[in-house]
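This report describes a protein model, taking its ligand sites, its domains and its nonpolar cores in turn.

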Amino acid sequence: MTTSVTRREFLALAAAVSAAGCAARPQAQDRAAGFRTLGRTGLRVSEVGMGVMLSRDPALVAAAVDAGVNYFDTARSYMGGRNEALLAEGLGSRRHEVIVASKCHHLGSRQRVIGSVEQSLRELRTDTIDVLQLHGLSSRDQVLSEEHQGALAELRKAGKIRFAGVTTHSKMVTVMDAAVEAGTYDVVLTSLNFKSPPEVLAAAQRTAAAGLGVVAMKVMTGGYTAEPVPGLNPYQSALRWVLQQSGVATTIPSMATFEQVREDATVMGQAFTWHDAAALRLYELAVNSRYCRACGSCSGMCPSGTDLQAALRGVMYAEGYGEKAMGRRAVAGAGIACGDCGRCAVICRFGVDLPRQLSAAWGLAHGPSA
Ligand code: SF4
Ligand code: SF4
C-alpha cells in the first residue's frame with residue numbers, strides 16, 4: 001500500500017527535521033551498550049530481540065546473534081509447530097549465548113501446559129527455556145488460573161523453565177494488571193507501539209514498575225508499506241519510539257530478511273530524534289485507518305457476531321506482514337458474518353476504516369487460497 005503525502009506536508013516536515021538537526025536526546029547510561037534488564041528476572045537483554053515467527057531461514061538467526069541480538073522469541077504454535085526447531089537450528093552450538101523465549105497455547109489444564117512445554121524443549125533441543133509464556137491471554141481468569149500457575153511453578157521447580165510470563169494482544173490492560181496481581185509471573189509480552197492507546201502504555205508502565213519485564217511486540221504497527229522518503233525509515237523510527245517508553249525492556253520485531261536483521265539491530269543504543277518524529281508522522285498516514293490498536297472497545301458490538309478485532313488482525317497479517325495463510329487462519333477464527341447493520345462505519349474510536357478492512361477480511365476468507 002502506498003500513501004500520498006502532499007508536497008506541502010513533506011516540506012513542512014523536512015523543515016522541522018532540518019531545524020532540529022541530528023541532535024539526539026541524552027541517552028540513559030544503560031542504553032549505551034544497547035542492553036537492558038528484563039525486570040526481576042535480572043536477565044540482560046538486547047534492546048532489540050528477534051521475533052522468529054516469520055523467519056524461514058535459520059541463517060537469519062545466526063545473523064541476528066552476530067549482530068548482537070541475544071533475545072529470541074518463538075512459540076510452540078508458529079509455522080505450524082516448526083518455528084522452534086528452526087530457531088534451534090539457527091542457534092546451533094550458540095544456544096548458551098542467548099535467551100530463548102517461547103510460548104504455550106495449550107491452556108486449560110496443568111497437563112496440557114506441561115505437555116506443550118516438554119514438546120517445546122524437544123523442538124528447541126535445550127534443557128531449559130529461559131522465558132516460557134502462556135500464549136495470547138485475554139482475560140483475568142486465564143492469567144489467575146491456579147491450573148496455569150501451578151503448571152508453571154512445577155516446570156520451574158523441575159528446571160524446565162527459568163522464568164514465566166504471559167503474552168497478550170487483546171484486553172491488554174486487563175491481562176497486564178492481572179499478571180501484576182498474580183505475583184507469579186516475571187515477564188509480559190504485549191502489543192506496544194506509537195499508536196497504542198494511552199491506557200495500554202500506562203498499564204505497561206505499571207507492569208514494569210511492579211518488577212515484571214515488559215517486552216514489546218507489534219512495534220511497527222503491522223509493517224504496512226508507506227511512501228519511501230529519502231533518509232527516513234519508519235520501521236527503525238517505530239522501534240526507537242518504543243524503546244524510549246518508560247518500562248520497556250526489549251522488543252521483538254519480526255525479522256524475515258537479512259536486511260531486516262541489519263535494520264533492526266542497528267537501532268540498539270540509539271535515541272529517538274526529530275528525524276524519527278517526522279518519519280512516524282508520515283508513516284501514520286499509512287497505518288491510521290488500517291491498524292487496529294486492539295483497544296477492545298468494539299468487542300461484542302457486531303450484531304452478526306463477527307469478532308472485529310480478530311478479523312482486522314487477520315488482514316494485518318496478510319497485508320502488513322505479507323503472510324496470507326496466517327491472515328486467513330486469523331480471519332477464519334473471527335467468524336465473519338455481516339447483516340449490513342451499518343455500525344462498522346462509526347464503531348472504531350481510532351478511526352480504523354472497518355468497512356474497508358472487513359471487506360478485505362471477507363476477501364481473505366472467501367478468495368483463492370494460493
Ligand atoms: S477496531 Fe478500533 S475499536 Fe475495535 S479494537 Fe481495533 S482500535 Fe479498538
Ligand atoms: S456492518 Fe456487518 S460486520 Fe459491521 S457491525 Fe454491522 S453486521 Fe457487523
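Where does ligand 1 sit? In this predicted model, ligand 1 sits in the largest cavity. Ligand 2, by contrast, is placed in the second largest pocket.

**Ligand sites**

The shell around ligand 1 includes the cysteines Cys292, Cys295, Cys298 and Cys348. Arg293, Ala294, Gly296, Gln309, Leu312 and Phe350 also surround this ligand. Around ligand 2 are Cys302, Cys338, Cys341 and Cys344, together with Pro303, Ser304, Ala337, Gly339, Asp340, Gly342 and Leu358. The table divides each shell by residue class.

| Ligand | Nonpolar residues | Polar residues | Charged residues |
|---|---|---|---|
| Ligand 1 | seven | two | one |
| Ligand 2 | seven | three | one |

**Domains**

The domain assignment of the protein gives domain 1, residues 23-286, and domain 2, residues 308-366. Their C-alpha centres are 25 Å apart. Between the two domains, 11 residues of domain 1 are in contact with 13 residues of domain 2.

**Nonpolar cores**

Which residues touch the most other members of the largest nonpolar core? They are Met50 and Phe72, in a core of 79 residues. Both domains take part in this core, with at least three residues from each of domain 1 (23-286) and domain 2 (308-366). Another core, of 18 residues, lies apart from it and has Ala310, Ala311, Leu358 and Leu364 among its members. Leu358 is also one of the residues around ligand 2.

Leaving out residues up to four places away in sequence, Met50 touches Phe72 itself, and also Val69, Tyr71 and Asp73. Its other contacts on this count are Ser55, Leu60, Val61, Ala64, Ile252, Pro253 and Met255.

Conventions:
Residues numbered from 1 in each chain as written. Chains lettered and ligands numbered in written order. Predicted model: local features only at pLDDT ≥ 70, side-chain atom pairs only at ≥ 80, totals over all residues. Heavy atoms only, no water. Near = heavy atom within 4 Å. 1 Å grid on protein atoms, 1.4 Å probe; cavity = no way out; pocket = protein on both sides within 12 Å on 5 of 7 lines; lining within 4 Å. Sits in = over half its atoms within 2 Å of the grid points. Nonpolar A, V, L, I, M, F, W, Y, C, P; charged D, E, K, R; others polar. Core = buried A, V, L, I, M, F, W, Y, C linked by side-chain atoms within 4.5 Å. Buried < 20%, exposed > 50% of the residue type's maximum accessible area, 1.4 Å probe, protein only. Domains from an automatic or database assignment. Contact = heavy atoms within 4.5 Å.
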